[in-house]
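Student: I would like to go through the salt bridges here and how accessible their side chains are. Could you set out the terms as we go?

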Amino acid sequence: MLLLVTGGTGSGKSAYAKRLAESLGREAIGFTCPAWPLTGACRKDGSGAASGEPAARAFADAKHAPGRRGFAWTQLPADGACAQALTRVNLDSNPYRAERRALVLDSLSGWLRHRVLEARPGEGDEGQAAAEAGKLLGALLEFEGVVIVVTEEAAAGLVSDPRERTYIKLLAESNRRLAAASHTIYRLSFGIAETIRGERI
């Protein structure tokens, strides 16, 4: 079951997605992007941006955090190896565990912005980022269990920066693809969730 959570910056998307995950299962895996823009430390050590880092290493370094009583969170970086990690979790899980597990990607828009930034400048940067986005969306749509994707809506109007145009185009395409497959879409404003498609879970 795919649930989409959207809204503006500071609207409460992340907090709502976390509460939603904790209401729907016994455990959750959270893939979280580093803050934007990247800090000097992140740029230096590559945290959250290591596209070639194996999924196995990401799992070995996973951080486990407590949630509400009886609920367990596993935190992983939403980096370039995110699609690989999602596929590995899916393959390694049994059906019983999948039924009581939620996955939260926070956020698709943040993840995509980093991928566009990492793409080699030039005519092929859109194709490179689009290919990575396609792999991630495929992994999300194939994932067994509850999938909660946090994202932002693409900016209205035209922009002059080529990379920003690439980001907006790919974000809009990705949002439409996930929206078409989603069970429920929530839009957050002032911390309040409005159901704009499907039934509130």
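Tutor: Let us begin with accessibility: buried means under 20% relative accessible area, exposed means over 50%, and partly exposed lies in between (1.4 Å probe, protein chains only). This is a predicted model, in which local features need pLDDT of at least 70 and side-chain atom pairs count only at pLDDT 80 or more, while totals for chains, interfaces and linings use all residues. Residues are numbered from 1 along each chain as its sequence is written, and side-chain values use heavy atoms, with hydrogens and water left out.

Student: How many salt bridges does the count come to?

Tutor: A salt bridge is a side-chain nitrogen of Lys or Arg within 4 Å of a carboxyl oxygen of Asp or Glu. Counted by this rule, the salt bridges come to six.

Student: Which residue meets Arg113 in a salt bridge?

Tutor: Arg113 lies in helix H6 (residues 108-118) and its partner in helix H8 (residues 162-181), so the pair ties together parts that are 51 residues apart in sequence; helices here are DSSP runs (H or I, at least four residues), numbered from the N terminus. The partner is partly exposed, with a relative accessible area of 23%. The N to O distance in this salt bridge is 3.1 Å, and the residue that meets Arg113 is Glu164.

Student: Is Arg115 buried or exposed?

Tutor: Arg115 forms a salt bridge with Glu118 (2.9 Å, N to O), and both lie in helix H6, three residues apart. Glu118 is partly exposed at 28% relative accessible area. Arg115, in turn, has a relative accessibility of 0%, and therefore counts as buried.

Technical notes. Helix = DSSP H or I, 4+ residues; strand = E, 2+ residues; numbered from the N terminus.
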